[in-house]
Structures are given as C-alpha cells and as structure tokens.
Amino acid sequence: MCGIVGYIGKRPAVPIIVNGIAKLDYRGYDSAGFAISENNRFVSFKTKGKLENLRKRIHGLSFSGTRGIAHTRWATHGKPSEKNAHPHFSHKKDIVVVHNGIIENHTALRKYLESKGHHFSSETDTETIPHLIGMFYQGNLENAVVAALKDLQGTYGLAIMAEKENKIVVARKGSPIIIGIIRTGEYIVASDVTAIGEYTKKIVYLSDGDIAVLTPKGYQIFNLEKKEVNRKIENITWSLDAIEKKGFAHFMLKEIYEQPETLANALRGKWDARRMMPKFGGLNIPEYDINNLQRVIILACGTSWHAGLVAEYYLEKFAGFQVEVEYASEFLCKMDDLGSRDLVIPISQSGETIDTLMALRKANKFGVYSLGIVNSVGSTIAREVTGGSYIHVGLEIGVASTKAFTGQIMALYLLAIYLGRVRGILKGAQADILFKKARALPGLVTEIFKNERTIISIARKFKRAANFIYLGRGLNYPTALEGALKLKEISYIHAEAFPAAEMKHGPIALVDRKMPVVFTVQKDDGYEKILSNIEEIRARKGIIIAVVEKGDSLVRKKADYIIEVPGTSMFLSPMLNIVPLQLLAYHIARLRGCEIDKPRNLAKSVTVE
Ligand code: F6R
C-alpha cells in the first residue's frame with residue numbers, strides 16, 4: 001500500500017528518498033512521486049505506474065536539495081494517474097504533502113476550501129490536507145499543521161514541507177510513521193522500517209497523535225496540544241539479508257523455502273522442561289486470570305484469518321475455550337459486549353492492517369486482555385495489545401503471505417498448549433508429546449521440497465485452467481481456503497474453497513471434466529468421509545488433485561494426481577499440507593508469466609478500511 005520516505009540533512013535528498021520508496025515497492029503501488037526543496041523552491045516529479053517511470057523521468061537531471069519527501073501511491077480516491085499521484089500542494093504551492101491513510105471528511109473540506117477560492121488539481125482526498133495547512137500557514141509550519149489536523153477526520157501518516165522553512169513535519173494517526181536517526185542533523189522518515197534499514201538502525205516509532213519537526217539541528221516530538229512527548233530510540237534487529245532474493249527467482253519462493261528454518265526458530269528455546277509447558281515471555285496475563293477466561297475472540301484478515309481458523313481447534317481442544325474467529329472488519333459491525341472472561345487475539349503479519357487495528361481498538365475499550373500474534377516488531381498492533389508473542393519469521397516481502405502463515409499457526413499452537421497447561425486441561429505428558437511432534441515439523445517440510453518436480457508437472461497441466469476448487473475437512477478446511485487464496489492472488493485464476501462435505505450442497509454444480517478439484521486429505525476421523533467426497537467428484541468427471549500422506553494407497557487409486565507429504569499429527573497437518581499448495585500456486589503463476597511478488601491490485605500491508 002502507500003509508502004512514505006523523507007530526508008533532511010547534508011546530502012542530496014533525491015537518491016535517498018527514491019531509493020527509500022524503491023525499498024517499499026513490495027507493498028504494492030500504482031504511481032510514485034517526490035518533491036524536494038532546491039534553493040528554497042519546490043521541485044516535484046510524479047509518474048503513473050512503476051518506479052522505473054519516475055527514474056526515467058529524472059534521468060540525466062541533477063538535484064542538490066538536501067530536503068525532500070517521496071511517496072508510492074495505491075489508489076483509493078481517484079484512479080491511478082499522474083495528477084492523483086503524491087505529493088500534493090497547497091493553493092499557493094508553498095506547502096507540499098505526502099499522505100498515507102484516508103481523510104473521511106474530504107468532501108466537506110473540499111467544498112469549504114473551494115468556496116474560499118481554492119483550486120484543486122486532483123481527485124484525491126489527500127489534496128485537502130495541503131490546502132488546509134496552507135490556509136492556516138503564517139510562517140510556522142508545525143503551528144499550521146496542528147491547526148489543520150484538528151479539522152481532519154480519518155487516518156493519516158503525513159510528511160509535510162513548507163517552501164521557505166528548512167524542516168520536515170511528520171504526523172501520524174492510524175497510519176505508521178517512523179523517524180530514523182542517521183546522525184544528529186541528518187534524519188530519514190518513513191512509513192515502514194524497510195526503507196530506513198540501509199541508512200540507520202536507530203529508529204523512533206511515533207504514536208497516534210504525535211507530530212514531529214525535523215531540522216538540520218535536531219528533532220522534537222509533541223502532541224496536538226503542543227506538549228512535548230518523549231519516544232524512545234529503538235534498534236532494528238533484523239538483517240538486510242531479508243531483502244535479498246538469495247538466488248531464488250522470487251521472494252515468494254525464497255520465503256516458502258525458509259519455512260523449515262522459521263518453524264525451527266519458532267520452537268527454539270520455547271520449552272520449559274520443569275513446568276512441562278511452552279515458555280512465553282510477554283503475555284502479561286497473571287495465571288489466575290487465565291483460569292477465569294472463558295471465550296477467545298480471534299480478530300484477523302486474509303491469510304491471518306485462516307491461521308485463526310486453525311487456532312480455533314487448538315484453543316478449544318487444548319485449552320477448553322469457546323472460540324470465535326472474526327473477520328476484523330466484520331467484528332467492527334457487531335454489537336459485541338466483551339467482558340472480563342473474554343480474551344482477544346489479533347493476528348497480523350504486518351501489525352498495521354487497519355481493519356485488525358480498528359477491531360483491536362474496539363475490543364480494548366472493554367478493558368479485556370489482548371494477545372497479539374504479530375510478525376512486524378514494533379508495529380502498531382504489537383504496541384496496542386496488552387501482551388503477545390512475535391512469530392519471528394523475519395521480513396516477509398512477497399505480497400502473498402507464506403512463511404508468516406505457518407509461523408502464526410506454530411505460535412498459536414504453542415500458545416494453546418501453554419494456556420491448556422495453565423488451565424489444567426492438558427497434562428504435562430500430553431503437552432510434552434505435542435511439543436515433541438512439532439519439533440519434527442521443520443524436517444518434514446524439507447521433505448516436501450523433494451516433490452517440487454511433481455508439483456511443477458501438475459502446474460504445467462493446469463496453468464490454463466479457468467477455475468479451481470479446493471476442498472478439505474476439519475483443520476484442513478482452512479488449509480484449503482489458504483491454498484485457494486494463494487492461487488487467486490498470484491495467478492489470477494478463480495479459485496474457491498469449501499469444507500469437503502459442503503461441496504455437495506451447491507458448488508458441486510460447477511464440477512465437470514474441466515474442473516480441477518484439489519483435496520487435502522488427512523488420515524484423521526474424517527478420512528472415510530473425504531474418500532466419499534472424492535468419489536462424488538469422480539462421478540461428475542472432475543479432475544482430482546490430492547495432497548495425501550505418504551503411502552495413502554486408497555486415495556492414490558481414486559485421484560488423477562497425487563502430491564505426497566510426510567505423515568504428522570492431525571493438529572500439525574495444516575503447516576505441512578499448505579506447503580505443496582503454496583508451491584502449486586507459485587508454479588502456476590510463474591508459468592502464466594504473472595508478477596508473483598507484486599500481484600496486481602494487492603498491497604502487502606492494507607492500511608485503509
Ligand atoms: C494473503 C495476504 C493477505 C493478508 C491480510 C492480512 O497472502 O497476504 O490476505 O494476510 O491482508 O494482513 P496482516 O496479516 O498483515 O494483518
């Protein structure tokens with residue numbers, strides 16, 4: 001989604017800010033632009049499409065300005081176009097703004113500003129911001145920003161410059177902004193830490209309501225009441241290796257292949273042999289309160305929501321909770337009344353998904369415990385929960401989430417075992433077996449990679465299919481949902497997933513000799529039933545592709561194509577079964593020539609509601 005980078009210091013700003021937004025391009029965008037101050041005059045360039053177009057536009061030009069802001073835009077209000085790309089200017093062109101988020105009262109503001117004679121040059125909600133700041137501007141940018149922010153409704157991460165003042169002002173509400181300290185007098189600001197890592201490891205996360213002024217003399221943070229606030233300087237710990245493909249054709253493939261390592265990391269040092277339970281440092285819930293809890297409400301979107309559906313089984317079975325897995329956006333529409341016996345678990349790779357953040361804020365108003373299962377360290381969701389656990393799978397660059405999905409499931413598996421032990425539902429020996437079985441998982445995922453040739457040959461057969469159906473039962477229904485999501489995201493093939501038995505209540509009407517149906521088959525209580533579901537598809541001449549446990553001769557006889565995975569416990573099977581489905585989606589998309597790491601219309605972190 002949209003990305004912001006700004007720089008103020010001694011060096012020419014353009015290479016730094018353009019390089020910075022290039023680091024954010026994995027988030028998805030459709031236009032880009034920047035503005036710098038060149039001898040106290042603004043110079044700005046914007047282009048539609050890839051950053052390459054912007055680079056070509058400025059090729060051969062030289063810029064000496066040491067202050068600038070840049071932006072990648074993912075269209076919300078107004079189509080992707082040069083005129084809608086950021087930065088946007090005030091009426092007198094003396095204020096310039098880049099913005100992430102949405103201004104909800106932009107229609108009323110625009111009407112008001114137009115009635116005062118302001119002329120707008122874009123269809124965006126953002127353009128109201130520089131116009132408003134311009135209206136309040138009397139030579140001090142931060143004063144004008146504070147005045148304007150009081151009239152804005154919605155969400156924003158902002159970087160703002162005035163032509164005649166050597167400063168950058170940034171502000172945040174609901175959309176992240178961080179300050180990177182290169183050295184005193186040299187600062188970089190961004191919406192995402194990835195843009196900053198090359199220049200500094202020292203960062204300051206702004207909180208909602210913060211406004212910061214950066215000048216070549218230093219920086220200051222204050223709130224809307226103009227009271228100074230202190231935010232601590234933190235150190236980025238991840239390495240820049242994460243943003244290299246390391247010989248893989250795409251980040252997505254690299255991230256699929258990282259799963260044995262990320263799963264092993266999730267388990268390392270996690271076992272408390274004395275108490276026979278997983279260790280959790282940051283949950284911040286006293287054990288007597290854990291015993292009092294009754295209901296868990298999981299809040300998430302997309303892939304993270306699928307991980308939540310798997311966790312529902314763990315939390316019910318291991319820890320005796322009543323569990324509700326909510327789409328975060330739908331939770332916002334409900335009239336829930338949460339109480340002291342409820343525990344809220346937001347799951348988010350980015351930690352910035354606005355739907356999940358807003359749902360968490362709604363839940364937090366009831367004073368409940370909230371445990372975040374988050375990947376991105378220091379992200380907004382991680383900071384607004386009462387406790388939680390990072391999944392530590394490292395930076396995920398491919399827009400289609402892979403290693404974060406298995407990392408989330410593993411973190412939730414351990415959390416459910418921990419809660420089950422504290423609540424006396426699991427015995428020490430049972431927890432020990434569950435943990436030991438998980439320890440085998442990284443090795444089992446590695447075995448699946450040996451089947452990549454089989455998966456590629458299936459991908460070749462179906463690369464031109466128009467539709468796919470994915471079916472699974474129980475814990476592997478979420479696996480089917482996730483497999484279908486992966487395929488549609490990166491190959492643009494229409495794919496739907498259903499609980500295997502539900503298929504006969506309607507979707508079976510779609511099955512004919514052209515329809516590939518992907519089954520994930522686990523040898524659990526539902527095995528016999530899923531065999532019948534396979535027969536039902538066969539009878540309609542559908543093409544059966546089955547992910548099965550090694551040596552499953554019954555399914556082998558019925559299916560057209562087989563992908564074998566090693567046997568594991570029913571509970572761990574989603575983390576194994578999803579791997580061939582990730583690879584299948586990847587290879588189909590590759591053979592179709594799709595842009596795998598940055599699929600059309602998608603963004604890595606969805607920061608608009
Ligand atoms: C799918 C995908 C999305 C995200 C969803 C939630 O591959 O990436 O469906 O899972 O947008 O994002 P997070 O987990 O960052 O909250």
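Strands here are DSSP runs of at least two residues, numbered from the N terminus. Keep in mind that this is a predicted model.

**Exercise 1. Find the loop that holds Asn40, and say what is unusual about its phi.**

Step 1: Look between strand S2 (31–38) and strand S3 (41–48); Asn40 is in the loop there.
Step 2: Check the backbone angle. Phi of Asn40 is near 65°, a positive value in a residue other than glycine.
Step 3: Set that against the usual picture: most residues other than glycine have a negative phi.

**Exercise 2. Which residue is joined to Pro87 by a cis peptide bond, and where does Pro87 lie?**

Step 1: Go to the loop between strand S4 (67–73) and strand S5 (88–89), where Pro87 has its place.
Step 2: Read omega for the bond between His86 and Pro87; at about 5°, this is a cis peptide bond.
Step 3: Recall the general trend, which is that most peptide bonds are trans.

**Exercise 3. Work out which residues come nearest to the ligand, and list polar contacts with its oxygen atoms.**

Step 1: Start with the 14 residues around the ligand; Ser304, Ser348, Gln349, Ser350 and Thr353 come nearest.
Step 2: Apply the polar contact cut-off, N or O atoms within 3.5 Å. Ser304 passes, with a polar side-chain atom 2.5 Å from a ligand oxygen.
Step 3: Ser350 also uses a polar side-chain atom, at 2.7 Å from an oxygen of the ligand, while Gln349 brings a backbone N or O atom to 2.7 Å from a ligand oxygen.
Step 4: Now see how covered the ligand is: the protein hides 90% of the 410 Å² of accessible area that the ligand has on its own.

**Exercise 4. Describe the ligand's pocket and the make-up of the shell.**

Step 1: Place the ligand; it sits in the second largest pocket.
Step 2: Pick out the elements giving two or more residues to the shell: helix H9 (302–319) and helix H17 (476–491).
Step 3: Sort the shell by class, and you get four nonpolar, eight polar and two charged residues.

How values were computed: Residues are numbered from 1 along each chain as its sequence is written. This is a predicted model: local features need pLDDT of at least 70, side-chain atom pairs count only at pLDDT 80 or more; totals for chains, interfaces and linings use all residues. Side-chain values use heavy atoms; hydrogens and water are left out. A residue is near a molecule or strand if one of its heavy atoms lies within 4 Å of it. A polar contact is a pair of N or O atoms within 3.5 Å; within protein, one must be able to donate a hydrogen and the other to accept it, and residues adjacent in sequence count only if both atoms are side-chain atoms. Accessible areas come from the Shrake-Rupley method with a 1.4 Å probe; for residues, only the protein chains shown count as cover. On a 1 Å grid over the protein atoms alone, a cavity is a set of points where a 1.4 Å probe fits but cannot get out, and a pocket is an open set with protein on both sides within 12 Å along at least five of seven lines; lining residues have an atom within 4 Å of a point. A molecule sits in a cavity or pocket if more than half of its atoms lie within 2 Å of its grid points. Helices (H or I, at least four residues) and strands (E, at least two) are DSSP runs, numbered from the N terminus. Ala, Val, Leu, Ile, Met, Phe, Trp, Tyr, Cys and Pro count as nonpolar, Asp, Glu, Lys and Arg as charged, and the others, Gly among them, as polar.
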